[in-house]
Amino acid sequence: MTKIAEADGVVTFHLGKSYDALHSNELQRLEAAIAEQVNASACPRLVFDFSETTYVSSSFVEAVMRGWKKLQEKNGQMALCCLNNNCATVLKVCRLDRIWNILPTHDEAVAAVQNESE
């Protein structure tokens, strides 16, 4: 289950253990939460923390991609952090590592979205 926290103008999505098509309700809740956070700010800054996440599917990627597109419309910033090898590989295969900031730590991800927004 995703937990959401806000600090210093940055919203962090602390992601759950796994996201796949079998958990479509969780994916729908995540996508709705992303949209809500994007709509709530003039310049949204989001961090997705994968510390607890061991698996993501293409359904997860689609949900985050839709949120990212809305974020782009508002000139917001997004970063991902703390990915394990499996999750990093999924994003690399999709070539999303070329358009999304992927950083090793939460602090680095927060700094990245704060710096890009200024």
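## Core, sheet and helix α2 in a predicted model

The largest nonpolar core of this structure has 26 residues, and the residues with the most contacts inside this core are F13, F48, F50, F60 and W100. Two or more residues of this core are given by each of β2 (10-14), α1, β4, α2, β6 and α3. The largest share, 6 residues, comes from helix α2. Apart from this core lies another one, of 7 residues, among them V10, V47, A109 and V110. The model is predicted, and local features need a pLDDT of at least 70.

F13 is a useful place to start looking at the core. Leaving aside its neighbours within four places in sequence, F13 is in contact with T2, K3, I4, L30, A33, I34, Q37, L46, V47, F48 and D49, and one of these partners, F48, is also listed with F13 among the residues with the most contacts inside the largest core.

### Helix α2

Helix α2 covers residues 58-73, which makes 16 residues, and from its first C-alpha to its last it reaches 23 Å, close to the 22 Å expected at 1.5 Å a residue. At the start of this helix, a side-chain oxygen of S57 comes to within 3.2 Å of the backbone nitrogen of S59. Buried residues in α2 are F60, V61, A63, V64, M65, G67, W68 and L71, and what covers them includes β3 (18-19), α1 (24-39), β4 (45-49), β5 (55-56), β6 (77-81) and α3 (85-93). F60 thus appears in two settings, as a buried residue of α2 and as one of the residues with the most contacts inside the largest core.

### The sheet

An open sheet is formed by 5 strands in the order β1-β2-β4-β6-β7, and the pairing in this sheet is mixed. Its edge strands are β1 (3-7) and β7 (101-103), each of which pairs on one side only. From one strand to the next, the twist averages 25°.

At one edge, β1 and β2 run antiparallel and are joined by 5 bridges, with K3 standing opposite H14 in β2. The hairpin of these two strands has 2 residues between the strands, and in this hairpin D8 takes a positive phi near 55°. At the other edge, β6 and β7 pair in the parallel sense over 3 bridges, and here A79 stands opposite N101 in β7. Helix α1 lies across β1, β2 and β4, and runs at about 175° to β2.

### Two buried residues

T12 has its place in strand β2, and this residue counts as buried because its relative accessibility, 5%, is under the 20% cut-off. The side chain of T12 makes a polar contact with the side chain of H106, at 2.9 Å. Not counting residues up to four places away in sequence, T12 touches K3, I4, A5, V47, D49 and H106.

L15 is found in the loop between β2 and β3, and with a relative accessible area of 3% it is buried. Not counting residues up to four places away in sequence, L15 touches M1, T2, L30, F48, D49, F50, E52, T53 and F60. The C-alpha atoms of L15 and S51 are separated by 7.5 Å, although the two residues are 36 residues apart along the chain.

### Positive phi in two loops

Most residues other than glycine have a negative phi. Against this background, N75 and R95 deserve a look. N75 follows helix α2 and lies in the loop between α2 and β6, and its phi is near 55°, a positive value in a residue other than glycine. R95 has its place in the loop between α3 and β7, and although R95 is not a glycine, it has a positive phi of about 65°. N75 counts as exposed because its relative accessibility of 59% is over the 50% cut-off, and R95 is likewise exposed, with a relative accessible area of 51%.

The relative accessibility of the four residues discussed above is set out here.

| Residue | Relative accessibility | State |
|---|---|---|
| T12 | 5% | buried |
| L15 | 3% | buried |
| N75 | 59% | exposed |
| R95 | 51% | exposed |

How values were computed. Residues are numbered from 1 along each chain as its sequence is written. This is a predicted model: local features need pLDDT of at least 70, side-chain atom pairs count only at pLDDT 80 or more; totals for chains, interfaces and linings use all residues. Side-chain values use heavy atoms; hydrogens and water are left out. Helices (H or I, at least four residues) and strands (E, at least two) are DSSP runs, numbered from the N terminus. The expected span of a helix is 1.5 Å times one less than its number of residues. Buried means under 20% relative accessible area, exposed over 50%, partly exposed in between (1.4 Å probe, protein chains only). Contact means heavy atoms within 4.5 Å. A polar contact is a pair of N or O atoms within 3.5 Å; within protein, one must be able to donate a hydrogen and the other to accept it, and residues adjacent in sequence count only if both atoms are side-chain atoms. A nonpolar core is a set of buried Ala, Val, Leu, Ile, Met, Phe, Trp, Tyr and Cys residues joined through side-chain atoms within 4.5 Å. Two strands pair if DSSP finds at least two bridges between them. Axes are lines fitted to C-alpha atoms, for helices over the stretch in contact, and angles run from 0 to 180 degrees between N-to-C directions.
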